[in-house]
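Visitor: I am new to this structure and would like a close look at a single part of it. Please take the largest nonpolar core and what surrounds it.

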Amino acid sequence: MDTISYKLISTISVCLLIIGLYFRFNRRVHIPLMGTAAFIDLILVVVLETQRSVMNQVVRDELSGSLQMHLPFAITTGIMYVPLIIFGIRLAKGAEQIRVWHRYTGGIFIVVRLGNYITSLML
Ligand code: HEM
């Protein structure tokens with residue numbers, strides 16, 4: 001797969017996240033859209049690693065300025081997915097006290113995912 005395809009797939013994921021955020025109070029829309037975006041992002045990481053060995057490149061090579069900017073966003077996005085989805089699932093199961101945590105992690109997540117997307121376009 002070429003760079004354009006990766007960027008196109010990432011664009012689809014970001015669009016799903018934005019639409020899913022808009023429908024955050026409609027569970028039947030919010031959960032499938034966010035779940036699909038998370039799945040696409042996960043597949044993208046697996047494909048980038050298997051096709052391009054991105055982790056090795058980061059460890060081995062001298063990093064360009066744009067990659068140095070992209071990495072913190074990429075790592076934080078991956079980390080933020082974990083609490084965000086755990087809180088989301090607990091909220092879906094009725095744990096209302098978790099709502100505020102899901103809201104805050106969602107706010108942080110969308111900022112870093114957009115940062116990740118914008119810096120990925122610069123690579
Ligand atoms: C698959 C993962 C996710 C699950 C299972 C999930 C689940 C939920 C549920 C059950 C609600 C409550 C909806 C309602 O009150 O009817 C909710 C709300 C919300 N979700 Fe998610 N969500 C997920 C991913 C995300 C992501 C990725 C974001 C951020 C981009 C996000 C941001 C929000 C926000 C901001 C709210 C509104 C909370 C509030 O202000 O009360 N969610 N989510």
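Guide: Six residues make up the largest nonpolar core: Val-14, Leu-16, Leu-17, Leu-33, Met-34 and Ala-37. A nonpolar core here is a set of buried Ala, Val, Leu, Ile, Met, Phe, Trp, Tyr and Cys residues joined through C-beta atoms within 7 Å. Buried means that 20 or more other C-beta atoms lie within 10 Å of a residue's own, exposed means 12 or fewer, and partly exposed is in between, with C-beta atoms placed from the backbone. Helix 1 and helix 2 are the elements that give two or more residues to this core. Helices (H or I, at least four residues) are DSSP runs, numbered from the N terminus.

The model is a predicted one, in which local features need pLDDT of at least 70, side-chain atom pairs count only at pLDDT 80 or more, and totals for chains, interfaces and linings use all residues. Residue numbers start from 1 along each chain as its sequence is written.

Helix 1 comes next. Its 20 residues should span 28 Å at 1.5 Å a residue, and this agrees with the 29 Å between its end C-alpha atoms; the expected span is 1.5 Å times one less than the number of residues. Ser-13, Val-14, Leu-16, Leu-17 and Gly-20 are the buried residues of helix 1. They lie on the same side of helix 1, because they cover an arc of only 155° around the axis, the arc being that of the directions from the helix axis to the C-beta atoms. The other side of helix 1 has Ile-4, Leu-8, Cys-15 and Tyr-22, which are exposed. Helix 2 and helix 5 are what the buried residues of helix 1 pack against.

Helix 2 supplies the other part of the picture. For its 26 residues a span of 38 Å is expected at 1.5 Å a residue, and the 36 Å between its end C-alpha atoms agrees with that. Leu-33, Met-34, Ala-37 and Asp-41 are buried in helix 2, and helix 1 is included in what covers them. Ala-37 touches Ser-13, Leu-16, Leu-17 and Gly-20, leaving out residues up to four places away in sequence; two residues are in contact if their C-beta atoms, placed from the backbone, lie within 7 Å. Gly-35, also in helix 2, counts as partly exposed because it has 15 C-beta neighbours inside 10 Å.

Just after helix 2, Ser-53 takes a positive phi of about 45°, although Ser-53 is not a glycine. Most residues other than glycine have a negative phi. Ser-53 sits in the loop between helix 2 and helix 3 (54-60), and it is exposed, with 12 other C-beta atoms within 10 Å.

Helix 5 holds Ser-120, which counts as buried because it has 20 C-beta neighbours inside 10 Å. Setting aside neighbours within four places in sequence, Ser-120 is in contact with Lys-7, Ser-10 and His-70. Ser-120 and Lys-7 are 113 residues apart along the chain, and their C-alpha atoms are separated by 7.7 Å.

One core residue, Met-34, is also among those that come nearest the ligand, together with Arg-24, Gly-88, Ala-92 and Gly-106, out of 22 residues around the ligand. A residue is near a molecule if its C-beta atom, placed from the backbone, lies within 6 Å of it. Helix 1 (3-22), helix 2 (27-52), helix 4 (65-92) and helix 5 (99-121) are the elements that give two or more residues to this shell.
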